[in-house]
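Reader: I'd love a close look at one part of this model, at the level of individual residues. Could you walk me through it in one go?

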Amino acid sequence: MADEEYRRVDGRKVDELRPIKIIPSVLSRAEGSAYIEWGQNKALAAVFGPREALPQHIQNPTKALVNYVYRMATFSVPDRKSPKPGRREIEISKVSGEALEKAIFVERFPNTTIDIYVHIFDSNAGTRCAALTAASVALADAGIPMRDLVAACAVGRANGKIILDPCKDEEDASDAVDMPLAIMPRTKEVVLLQMDGLISKEDWKKAFEFGLKGCLEVYEIQKRALKHRYEALARTEQKAIKAVDKQLMDAAESLER
Amino acid sequence: MNSRLVIPGELVTEKRMKLGPHVFVEKGKIYSDTLGLVKMERGVVRVVPLQGKYMPKANDVVVGIVVAEEYSFYIIDINSFYYSFLPKEEIKLPLKKGSIVSAKIARVNEINEVSLSNIRVLHGGEIIPIAPTRVPRVIGKNASMLKLLQHGTKCAIIVGMNGWVWAKGREENIRLLKKALQKIERESHLSNLTLKIQKMLSSKEADKV
């Protein structure tokens, strides 16, 4: 069957993402935060810092440390997951942190650490991409200087078809390939690329093209989410500043009199 | 007036312009490094951030707390991501741990350590924290909002660029000031802010707040 007509287990086309919803600034304690719903995946990201890195011996006088913590809730998977961070979570934390470090201007904040905590509440494949996407929105929300946002998306193969954003059923196919990919959209620089399974060179190239396209789509959603949150605020602020300044001058004058 | 909202990594302009804060150049084009509003004035392009911590800058007046005393200097917390240092040669009388000071930032070195000068000890009073990005609104054009607050609440007020406001006055006046500052922070993007603040400060009910 041709790619255009092919429908996947959940009715999507081969190059269709699951619906994504991002809401920035949802936590008031954190300096920046974001909530993401990516299909069935649900995650919260919180950002703190830059703040002093402690104990002192971990400080780096040339750059800020990026401390990325990815955790899954015990109830996020069908069987209870042990709350102890496992090998998988530690690995994801490491690679995702390194991906974001590429985007942040770490060299401007020596001897500090930027803490990013992402918790997964519900999962159905592709949580590391959802987490990374939410984390980069939370970083922007915290006002941390960055070269670009980081947009992530998985691509894979199931039942002989190259597919974008595989869900759990597709990931469990007999010939499954799963390839999470994260890029900085402006330069299309790859900051995270992992792969499970075996794939031919031609198929990999096609999968990579799919992945880039998916990441750019995710980027548009991130951009829209951030602008939606701040645009209304910014628009009224512009109008108000001039008017308020004039009133302020008058008020101050009348007080002096 | 130019006032586009940009996100980190978004193109600000392709023109050649002088660089202000929060922009960077890559391959001849100018990009924003933060979430904020684009301002282009007199050939200088900058982005005014909507979020973020205080980044120490030379010649800023800040409010701080003495945290510790070392052999030749004091360590002062200025609500940034690093402590700042005050050499003892700057002062005549010794400082006490926990006392509030206002100071001018003399120098910021390459790892963001801050040296302070023009120190002034603030006796009594308290620190009210506000968002550093909102400080210009609390001061206002030609310090008009600050004047309004000072007259309206009859408090002595010093606004640090680091987002700490020192205030001293009678208890009910301080409470009023806190409410006014909260209002400014929350509604700084809305119009008629001054009128609201003025009304709030002058109303009889203010005492009951």
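Author: Let's begin with a pair of strands in chain B of this predicted model. Strand β14(B), residues 156-159, runs antiparallel to strand β15(B), residues 164-168, and 4 bridges join them. One of the residues to look for is Val159(B), whose bridge partner in β15(B) is Val165(B). The two strands form a hairpin, with 4 residues between them. If you look at the turn, you will find Gly163(B) with a positive phi of about 90°.

Now for the helix α2(B), which spans residues 144-153. This helix is mostly covered, with 7 of its 10 residues buried. The buried ones are Ser144(B), Met145(B), Lys147(B), Leu148(B), Leu149(B), Gly152(B) and Thr153(B). It may help to keep a general point in mind here: an α-helix has 3.6 residues a turn, so residues three or four places apart point the same way. Just after α2(B) comes Lys154(B), and this residue also has a positive phi, of about 55°.

Last, have a look at Phe73(B), which sits in strand β9(B), residues 73-77. Phe73(B) has 17 C-beta neighbours inside 10 Å, and therefore counts as partly exposed; a buried residue would need 20 or more. Leaving aside residues up to four places away in sequence, Phe73(B) touches Phe85(B), Leu86(B), Pro87(B) and Lys88(B). Of these, Lys88(B) is 15 residues from Phe73(B) along the chain, and their C-alpha atoms are separated by 5.0 Å.

Definitions and conventions: Residues numbered from 1 in each chain as written. Chains lettered and ligands numbered in written order. Predicted model: local features only at pLDDT ≥ 70, side-chain atom pairs only at ≥ 80, totals over all residues. Pairing = 2+ DSSP bridges. Buried ≥ 20, exposed ≤ 12 C-beta atoms within 10 Å, placed from the backbone. Contact = placed C-beta atoms within 7 Å.
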